[in-house]
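Me: Could you take a close look with me at one part of this assembly, namely how its neighbouring chains meet? I would enjoy a connected walk through it.

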There are 4 protein chains.
Amino acid sequence: VPAERLSVDDWQREAAAVLDEGTLGYLEGGAGDERALRETMAAFARIRFLPRMLGGFAEPSLATTVIGTRISLPVIVAPVGHQRLFHPDGEQAVARAAATAGTVMCVSTMANTSVEDIAIEAPGADLWYQLYPRIDRSHRRELLQRAEDSGCTAIVLTVDVQSLGRRERDLRTGFRLAPSMPMPNLHREDEHPGTLGEIASVLEPALSWDDLDELRSWTQLPLLVKGILDPRDAVLAADHGCAGVIVSNHGGRQLEGTVAPIDALPRIAEAVGDRLELYLDSGVRRGVDVLAALALGARAVLLGRAAMYGLAVDGEAGVVAVLELLRTELRNAMHLAGVASATDVPGDIIWR
Amino acid sequence: VPAERLSVDDWQREAAAVLDEGTLGYLEGGAGDERALRETMAAFARIRFLPRMLGGFAEPSLATTVIGTRISLPVIVAPVGHQRLFHPDGEQAVARAAATAGTVMCVSTMANTSVEDIAIEAPGADLWYQLYPRIDRSHRRELLQRAEDSGCTAIVLTVDVQSLGRRERDLRTGFRLAPSMPMPNLHREDEHPGTLGEIASVLEPALSWDDLDELRSWTQLPLLVKGILDPRDAVLAADHGCAGVIVSNHGGRQLEGTVAPIDALPRIAEAVGDRLELYLDSGVRRGVDVLAALALGARAVLLGRAAMYGLAVDGEAGVVAVLELLRTELRNAMHLAGVASATDVPGDIIWR
Amino acid sequence: VPAERLSVDDWQREAAAVLDEGTLGYLEGGAGDERALRETMAAFARIRFLPRMLGGFAEPSLATTVIGTRISLPVIVAPVGHQRLFHPDGEQAVARAAATAGTVMCVSTMANTSVEDIAIEAPGADLWYQLYPRIDRSHRRELLQRAEDSGCTAIVLTVDVQSLGRRERDLRTGFRLAPSMPMPNLHREDEHPGTLGEIASVLEPALSWDDLDELRSWTQLPLLVKGILDPRDAVLAADHGCAGVIVSNHGGRQLEGTVAPIDALPRIAEAVGDRLELYLDSGVRRGVDVLAALALGARAVLLGRAAMYGLAVDGEAGVVAVLELLRTELRNAMHLAGVASATDVPGDIIWR
Amino acid sequence: VPAERLSVDDWQREAAAVLDEGTLGYLEGGAGDERALRETMAAFARIRFLPRMLGGFAEPSLATTVIGTRISLPVIVAPVGHQRLFHPDGEQAVARAAATAGTVMCVSTMANTSVEDIAIEAPGADLWYQLYPRIDRSHRRELLQRAEDSGCTAIVLTVDVQSLGRRERDLRTGFRLAPSMPMPNLHREDEHPGTLGEIASVLEPALSWDDLDELRSWTQLPLLVKGILDPRDAVLAADHGCAGVIVSNHGGRQLEGTVAPIDALPRIAEAVGDRLELYLDSGVRRGVDVLAALALGARAVLLGRAAMYGLAVDGEAGVVAVLELLRTELRNAMHLAGVASATDVPGDIIWR
């Protein structure tokens with residue numbers, strides 16, 4: 001019953017009921033003992049708010065801009081790969097849902113649909129393009145060009161997949177992508193998916209700041225770096241001309257035992273100041289999680305697993321519903337916390 | 001068996017057995033994942049006492065004054081709405097019980113009985129009046145007048161219901177107030193209750209300090225602000241001429257993830273000094289909880305859910321019994337902690 | 001099977017199996033929600049040791065002196081009341097066991113055997129006398145005289161029973177002492193036991209430092225104060241000429257939510273220095289607990305419940321066995337921690 | 001199914017299924033309440049990493065040297081006694097596995113195979129020799145000579161078995177070594193094993209720094225001290241000419257309640273600087289545990305129980321498989337954390 005879909009937890013339960021074991025393990029799993037995964041969520045649960053009262057406003061403003069694009073709520077759809085695993089409509093459904101909700105979708109290099117087709121099938125959608133750089137450098141340049149030609153307005157370079165994390169759920173289920181799950185952004189015609197390890201084997205294992213500089217030289221689009229946790233790396237990103245940093249531990253799927261991104265965020269915010277835009281990825285499930293991220297320095301958050309729950313349960317409509325749920329919760333939380341605008345969230349609503 | 005009612009927990013268990021699912025969910029529930037609700041209680045459980053010995057007194061004095069009214073124990077009945085949900089005798093029973101126990105009852109704007117009738121049916125009761133301001137400003141002024149005319153001695157302005165908190169238990173049970181549960185303080189003749197959301201929709205969503213100033217100008221009664229957690233708001237309350245501040249997170253029912261009021265209290269006490277009287281609301285279940293609140297700067301506490309357990313189980317007598325249980329526990333705790341008077345509880349009985 | 005009695009936990013399990021519900025609840029219970037009781041034990045479990053190696057000694061010395069009496073291990077039997085509840089041999093068995101183990105037994109005012117009879121039936125035992133002062137001051141003086149005449153070598157004044165703690169287990173079971181459980185130290189001929197509340201009703205509720213001074217003036221015996229947690233009270237005890245302070249929260253049975261005695265001990269040790277002897281009571285179950293207490297400033301610990309487990313299971317032999325178990329564990333812990341003597345335990349074996 | 005052996009936990013489960021209760025208790029148990037054992041693992045689980053990105057290297061280097069011996073990964077096989085308990089091939093299998101994996105095996109004085117036979121049956125293995133000094137000093141000298149003659153390249157002196165820890169699992173199962181489990185390093189011809197207590201009874205209980213000096217004078221081999229937790233003892237080890245210190249709490253099997261070695265390590269590293277090599281023993285189960293130890297000052301870790309799980313399940317091949325699992329996990333963790341070489345792990349990858 002839709003009335004029971006009151007929280008992301010509800011959507012998660014429904015998604016778990018409709019997905020096969022391998023796909024569910026892929027979606028939900030983390031690396032190793034999943035300490036990073038649990039900590040990512042636990043860190044949000046430890047946050048305590050100190051709301052302000054009598055603010056004298058009836059309706060908080062949730063709109064903001066992300067790298068110059070106006071969005072209606074500070075929640076972007078994260079670049080999740082292989083979205084056709086969750087629903088036959090896959091990436092197109094998600095792109096249309098993001099457009100409906102008035103936000104950006106970040107298209108993954110691992111998408112089952114080409115960036116060109118997503119752009120065509122979701123006209124009006126604001127798209128960013130997430131890049132996993134292949135070892136073959138000509139492919140990188142080609143992909144940037146395709147993304148730019150398809151109308152994407154920013155490039156998100158993922159930097160935390162030097163190797164694939166040890167995701168034991170996938171190793172246990174023997175999870176592999178079926179041939180019917182193409183990856184037209186990543187693969188050339190004669191390549192086919194397989195296990196995640198096989199897929200990752202074509203990615204650059206020695207990515208460097210020089211690679212990043214080269215990528216920047218190939219495109220006019222603003223570049224964001226995804227997967228940063230150390231403030232020094234965020235400062236380097238600013239030094240190298242990046243427009244933004246996405247603070248992320250890849251949903252707890254790469255290095256076991258990382259600090260929670262929401263805990264890493266404040267020091268990064270302090271280190272980079274206004275030099276670039278900060279985003280928070282990993283573990284967001286509640287409006288209060290979004291509010292916390294904004295208070296601690298993020299401009300918006302990226303929503304990965306939660307959006308996929310919606311996709312799995314109800315396709316495009318499900319993604320819209322999850323985004324609207326987050327909007328409802330965030331609006332409520334901002335109003336109750338005395339925060340009038342998502343563009344100006346005081347840090348001192350967090351109890352220290 | 002009455003002999004088994006040794007603690008508020010016992011009363012809670014009995015109440016849970018007699019209330020229907022919707023009413024119980026309404027009474028017990030909190031916002032979102034109920035983190036604020038659990039933290040509110042957990043914060044009391046973390047407090048550790050450092051008692052003093054050989055104080056040389058046989059009987060601690062529990063009496064104090066609240067905004068000039070003498071009460072026999074530093075526990076006030078909180079402004080819980082819809083008390084007829086718990087027992088057909090509703091607010092009248094509670095008012096009489098408070099009078100019997102020698103303390104103040106705070107009448108809610110959401111009461112099922114008009115403030116006039118409560119005053120008539122509980123002669124001798126010391127009443128405060130809790131105000132939810134409607135958008136319609138003439139109604140606010142009218143309500144203040146009615147409360148004053150009915151003999152209430154203080155106005156408690158609740159400021160933390162800008163929007164209704166996301167109470168998922170109520171959303172799941174589809175909880176709504178039956179037409180047989182009138183709200184004669186809130187509603188005009190042609191209005192009727194429904195869901196909590198519908199009820200809250202008439203309340204002012206943009207309440208400001210200007211509103212508060214205006215309310216003060218309309219009444220001679222001292223004004224307390226309920227729902228403050230940030231010390232700066234408490235200072236503003238003093239600046240705006242308030243007589244008291246009730247530190248509260250609305251029982252964990254409004255903003256998810258708030259700091260526990262008992263944790264917020266000390267910084268507020270330090271910020272306001274003697275400029276106004278401080279009260280603590282939310283999560284009190286034990287005499288030691290009252291003692292902690294007094295040690296950390298409160299003059300008295302407000303008792304909400306616990307009083308309603310008594311009401312649900314045994315009507316007026318139940319409320320008296322719960323208040324007497326708190327008195328017994330507090331007396332015991334004060335004696336054992338070496339605290340001779342509720343008007344002078346040293347802060348250093350709390351271990352730091 | 002004796003071989004299974006490897007720890008105090010084992011003795012506790014066996015005792016639980018042989019005691020009736022009321023007696024077991026009396027022995028095991030604490031006040032209120034039993035937070036103080038749990039915290040008392042949890043604080044020991046939080047302690048982490050930093051042992052020293054290559055100390056070059058084969059056999060640690062466990063002997064010490066307590067108020068001038070030499071004992072073979074730094075563990076004294078605490079003044080537990082009503083020991084005949086646990087075994088028909090009651091206090092005599094415990095006194096003989098303490099003598100066998102080479103330590104002191106502290107006789108309780110609530111003993112089921114008169115101090116005179118204990119002294120006669122356990123010749124050679126080193127006895128201290130624990131005093132609960134009655135309201136009737138002549139009785140206090142008489143008791144001191146009886147203790148002195150019976151050969152007790154120190155007086156332990158319990159100061160934390162201004163009122164009886166709210167021990168809900170006892171209230172639930174309706175626990176009361178049978179007429180066959182006399183209290184010849186406390187009662188006059190025409191008085192009989194009943195509930196704990198009735199028994200406590202004859203005790204002085206307004207005990208003061210003046211009372212203590214008067215008690216001291218009536219006896220040549222050294223006076224220890226039992227039930228101190230605040231360093232200022234320990235300093236006052238030194239100022240008033242006490243020979244020792246027993247840091248205790250009465251086994252978590254009096255004020256709910258007190259700090260754990262082992263946590264309170266270091267500040268007290270720092271405050272009093274060498275002005276008097278410090279003891280630790282409440283929650284000791286392991287040799288490492290004794291070692292921790294000694295490292296943090298105690299000269300010895302008092303063992304209450306654990307000794308009673310031995311008494312309940314096997315009478316005098318059981319008490320001896322529990323004391324020998326503690327000796328074995330403490331000897332092992334001292335050797336492994338590099339602590340050569342119980343009279344000189346460095347504070348820095350505790351990790352901070 | 002081998003495919004399910006994805007983690008040391010998996011190997012542990014399989015080992016638990018094939019070992020008898022006494023042997024399993026001996027392998028898994030700790031002292032007392034096993035607080036030290038749990039804390040040893042819990043301390044690793046508390047560590048949070050702050051990885052660096054864009055490091056520009058494809059393959060981290062895991063090789064290092066330990067006391068001058070080159071090893072292919074910073075994991076040494078710890079000196080576990082009685083390895084024939086776990087598999088009939090015992091120590092020879094482990095030595096061959098260590099050689100195959102390219103690392104050192106530390107032979108125990110409690111081995112069921114003589115150091116000479118181990119050296120013969122695992123040609124090419126790099127062996128260290130762990131010494132438990134007997135009271136009989138001539139035996140110590142003889143053992144050092146035998147180890148040296150057998151080609152061992154370092155002596156590891158265990159200093160934390162002054163007495164045997166109270167391992168209650170062993171006491172409960174009545175664990176004793178069968179006569180078919182000889183200890184040819186420890187025992188003379190006419191001696192036979194029995195309980196662990198009987199075995200330990202021949203060891204020196206009063207080991208001192210003088211003993212250590214004497215041992216050093218008898219051998220040219222570098223000496224490491226195993227069982228240090230206090231920085232002052234590590235400094236003394238350097239003062240006394242030791243080549244290395246192994247920070248260890250003996251797997252939680254000796255003193256109950258010790259600090260976790262991984263928590264003790266940083267202060268030791270700070271105290272000794274470059275004066276000697278530091279190693280970490282106890283509780284290592286994951287590649288991230290190794291990485292943490294290296295970041296906090298260790299040159300390599302010792303692997304005890306985990307290697308024995310492999311031995312129990314699959315003999316020599318099982319030990320190789322466990323070591324290769326650790327290599328795979330560590331390689332992955334280093335790559336993802338941005339750590340290029342095991343010889344240079346920055347401390348600031350640990351979140352503080």
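Reply: Happy to. This is a predicted model, and a good place to begin is the relation between chain C and chain D. Chain C superposes on chain D with an RMSD of 0.0 Å after a rotation of 90 degrees, with 0.0 Å of shift along the axis. Within chain C, the C-alpha nearest that axis belongs to Arg46(C), at 11 Å.

Chain A tells a matching story. A turn of 90 degrees and a shift of 0.0 Å along the axis lay chain A on chain D, again with an RMSD of 0.0 Å. The two copies are thus related as by a four-fold rotation axis. In chain A, Arg46(A) has the C-alpha nearest the axis, 11 Å from it.

Now to the contact between chain C and chain D. Here 33 residues of chain C meet 38 residues of chain D. About 3,100 Å² is buried between chain C and chain D, and carbon and sulfur atoms give 54% of that area. On the chain C side, the residues that lose the most area to chain D are Met53(C), Leu54(C) and Leu336(C), which together account for 24% of what that side buries.

There is a charged component as well: eight salt bridges are counted between chain C and chain D. One of them pairs Arg48(C) with Asp263(D), with the closest N and O atoms 2.9 Å apart. The polar contacts between chain C and chain D come to 21 residue pairs, both residues being at pLDDT 80 or more.

Which helices of chain C each supply at least two residues to the side that touches chain D? They are helix H1 (8-18), helix H3 (35-46) and helix H13 (305-337). H13(C) gives the most to that side of chain C, with nine residues. By class, the side of chain C that touches chain D has 17 nonpolar, six polar and 10 charged residues.

Let us turn to the other side of chain D, so to speak, and look at its contact with chain A. In this contact, 38 residues of chain A meet 34 residues of chain D. The area buried between chain A and chain D is about 3,100 Å², with 54% of it from carbon and sulfur atoms. In chain A, Arg166(A), Arg172(A) and Leu255(A) lose the most area to chain D, together 21% of what that side buries.

Nine salt bridges are found across the interface of chain A and chain D. Among them is the one between the side chains of Arg286(D) and Asp33(A), at 2.6 Å from N to O. The same interface has 21 residue pairs in polar contact, with both residues at pLDDT 80 or more.

As for the elements of chain A involved, those that give two or more residues to the side touching chain D are helix H3 (35-46), helix H7 (168-173), helix H9 (209-217), strand E7 (223-228), helix H10 (231-239) and helix H11 (261-272). H10(A) gives the most, with four residues. The side of chain A that touches chain D divides into 15 nonpolar, nine polar and 14 charged residues.

H10(A) also leads us to a residue worth a visit. His240(A) sits in the loop between H10 and strand E8 (244-247) of chain A. Is His240(A) buried or exposed? His240(A) has a relative accessible area of 19%, so it counts as buried under the 20% cut-off. Its side chain is joined to that of Asp213(A) by a polar contact of 2.7 Å. Leaving aside residues up to four places away in sequence, His240(A) touches Trp209(A), Leu212(A), Asp213(A) and Arg216(A).

For a look inside another chain, try helix H12 (residues 287-295) of chain B, where nine of nine residues are buried. Those buried residues of H12(B) include Val288(B), Asp289(B), Leu291(B) and Leu294(B). After H12(B) comes Gly297(B), whose phi is positive, near 125 degrees.

Finally, which chains do not touch? Chain A and chain C make no contact, and their nearest C-alpha atoms are 22 Å apart. Chain B and chain D likewise share no contact, with their closest C-alpha atoms 22 Å apart.

Key
Residues are numbered from 1 along each chain as its sequence is written. Chains are lettered from A and ligands numbered from 1 in the order in which they are written. This is a predicted model: local features need pLDDT of at least 70, side-chain atom pairs count only at pLDDT 80 or more; totals for chains, interfaces and linings use all residues. Side-chain values use heavy atoms; hydrogens and water are left out. Copies are superposed by least squares on the C-alpha atoms of residues with pLDDT of at least 70 in both. Contact means heavy atoms within 4.5 Å. Buried area is the accessible area (1.4 Å probe) that two parts lose on being put together, summed over both. A salt bridge is a side-chain nitrogen of Lys or Arg within 4 Å of a carboxyl oxygen of Asp or Glu. A polar contact is a pair of N or O atoms within 3.5 Å; within protein, one must be able to donate a hydrogen and the other to accept it, and residues adjacent in sequence count only if both atoms are side-chain atoms. Ala, Val, Leu, Ile, Met, Phe, Trp, Tyr, Cys and Pro count as nonpolar, Asp, Glu, Lys and Arg as charged, and the others, Gly among them, as polar. Buried means under 20% relative accessible area, exposed over 50%, partly exposed in between (1.4 Å probe, protein chains only).
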